[in-house]
Structures are given as C-alpha cells and as structure tokens.
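Trainee: Could we go through this one together? I keep tripping over the vocabulary.
Mentor: Sure, take a look first.

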Amino acid sequence: MTGPAIPGLGAVSIRSIDNDHPRPESSSTWDDWGPMAPEVKDMVMERWLIEVTGDDGAVVPVGDLSAHVVWYGPTPGSRALNIGIAIAEPYRGRGIGSIAQRLLAEVLHARGVVRVEASTDVDNVAEQRSLARAGFAFEGIIRCAQARNDGLHDLQGWAHIE
Ligand SMILES: CC(C)(COP(=O)(O)OP(=O)(O)OC[C@H]1O[C@@H](n2cnc3c(N)ncnc32)[C@H](O)[C@@H]1OP(=O)(O)O)[C@@H](O)C(=O)NCCC(=O)NCCS
C-alpha cells in the first residue's frame with residue numbers, strides 16, 4: 001500500500017513481510033530491554049517493511065512495522081491490534097513514521113479491525129507527534145506498563161478507531 005510522496009525523498013509504502021525477512025537497522029534508546037521474558041518467543045507478530053521509492057524508481061527500505069493481537073474480551077469484536085514501528089536513524093523526523101502508521105491503520109481497518117492501538121513511552125515525544133499526525137487519538141496513561149533495563153516505565157496509550 002502506497003501513501004503520499006515526501007518532497008525530496010519519495011513515496012512511502014508498506015508491504016507485508018515474513019518474520020525472518022531482513023529489516024533495516026533501526027535500534028534506538030527505547031530498545032534497551034534487558035533480559036527478555038522466555039514466553040515472548042511464542043508471541044505472534046505480523047510485520048511490514050516500510051519503503052521509500054524515489055523519483056528515479058529506486059526502492060529503499062527505511063524501517064518496519066509490527067502488529068500483535070490484544071484481546072479485551074472473548075468476542076470477535078473485542079480483538080484489537082497493537083502496532084509498533086522503528087525507522088532507520090537517517091530517515092527519522094521526515095514524516096515517514098506518520099505516513100506509515102496511517103497506512104497500517106488503514107490496512108488493518110480494511111480487514112475489519114475496529115481498534116488499532118499503539119503505546120509509547122511517556123518521554124517518546126517523536127512517536128507521540130507522529131501518531132497524532134497519523135490520526136491516532138491520545139487515550140491516557142498506562143501506568144507501570146513496560147519494564148526496561150533501567151526499570152518500570154509509564155506508557156501513553158493511543159488508538160485509531162474505525
Ligand atoms: C518514533 C518514530 C517511529 C517516528 O517516525 P518519524 O518518521 O521519525 O516521525 P515523523 O517524522 O512522522 O514525526 C515526528 C514528529 O516528532 C517531532 N520530533 C522528531 N524528533 C523529535 C524529538 N527528539 N523530540 C521532539 N519531537 C521530535 C517531529 O518534529 C515531528 O513532529 P511534527 O509532525 O509536529 O513536526 C521514529 O522517530 C523512530 O523510529 N524512532 C526510534 C524508534 C521509536 O521510538 N519507535 C517507537 C517506539 S513506541
């Protein structure tokens with residue numbers, strides 16, 4: 001699925017990939033996890049590659065998106081998808097994240113998912129602004145939700161509803 005072009009950069013698109021497909025290096029300060037929970041290997045994640053196609057037709061992978069299911073009850077309508085994103089450092093802050101997250105919300109809504117949600121650290125201002133520009137609405141603080149190497153963190157909860 002292709003979104004609008006960013007002047008001087010190119011058109012932003014996303015496409016579904018397998019879990020073992022190579023993804024661009026996009027580590028950041030938010031990835032200092034510490035020891036992983038053993039159960040996380042059983043978590044089912046869907047993934048998408050974010051690509052930019054320049055005026056010359058060259059396609060550059062610039063980041064990736066993920067989504068995992070969150071159940072809020074036992075009925076089909078209680079199934080939400082929580083998305084995540086990471087962009088390679090040289091491509092951050094140029095509008096790619098907001099376009100890619102909007103595209104993924106549209107892809108998931110087209111599949112019948114009503115609630116597409118995202119959570120981000122209360123200090124991750126770039127992702128908060130990117131989500132707002134992608135049409136997500138801020139819903140509140142999710143307290144003590146994420147443990148990283150330096151301790152427990154509050155998250156902001158955002159959602160894109162259709
Ligand atoms: C967060 C991330 C996905 C956003 O994607 P992006 O393409 O960089 O974001 P966009 O360009 O769409 O929007 C960034 C917005 O944040 C602002 N911004 C960028 N860096 C910022 C910073 N360090 N502090 C404050 N604002 C910042 C930009 O000005 C822009 O706001 P605006 O639209 O009001 O001008 C990307 O920066 C990234 O991969 N960061 C590292 C990994 C990460 O944080 N992933 C999300 C974890 S929940």
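Mentor: Let's start with contact: two residues are in contact if their C-beta atoms, placed from the backbone, lie within 7 Å. In the protein chain, 60% of the contacts with a separation of 6 or more are between residues 24 or more positions apart. Bear in mind that this is a predicted model, where local features need pLDDT of at least 70 and side-chain atom pairs count only at pLDDT 80 or more, while totals for chains, interfaces and linings use all residues. Residues are numbered from 1 along each chain as its sequence is written.

Trainee: What makes the protein chain as compact as a globular protein of that length?
Mentor: Its radius of gyration, taken over C-alpha atoms, is set against the globule rule, 2.2 Å times the number of residues to the power 0.38. The rule gives 15 Å for 162 residues and the chain has 16 Å, which is close, so it counts as that compact.

Trainee: Why does Ser98 count as buried?
Mentor: Buried takes 20 or more other C-beta atoms within 10 Å of the residue's own; 12 or fewer is exposed, in between is partly exposed, and C-beta atoms are placed from the backbone. Ser98 has 21 such neighbours, so it counts as buried. Buried residues make up 26% of the 162 in the chain.

Trainee: Where is Ser98 found, and what does it touch?
Mentor: Ser98 is found in helix α1. Leaving out residues up to four places away in sequence, Ser98 touches Ser130, Arg133 and Ala134. Ser98 is also among the residues that come nearest to the ligand, along with Arg92, Gly97, Ala126 and Arg129.

Trainee: How are the helices and strands defined, and how many are there?
Mentor: They are DSSP runs numbered from the N terminus: H or I over at least four residues for a helix, E over at least two for a strand. That gives 2 helices and 8 strands.

Trainee: How do you know that β4 and β5 pair?
Mentor: Pairing needs at least two bridges found by DSSP between the strands. β4 (residues 59-71) and β5 have 9, in the antiparallel sense, so by that definition they pair. One bridge joins Trp71 to Arg79 in β5.

Trainee: And what makes β1 and β7 edge strands?
Mentor: The open sheet runs β1-β2-β3-β4-β5-β6-β8-β7, with mixed pairing. β1 (2-6) and β7 (137-148) each pair on one side only.

Notes:
A residue is near a molecule or strand if its C-beta atom, placed from the backbone, lies within 6 Å of it.
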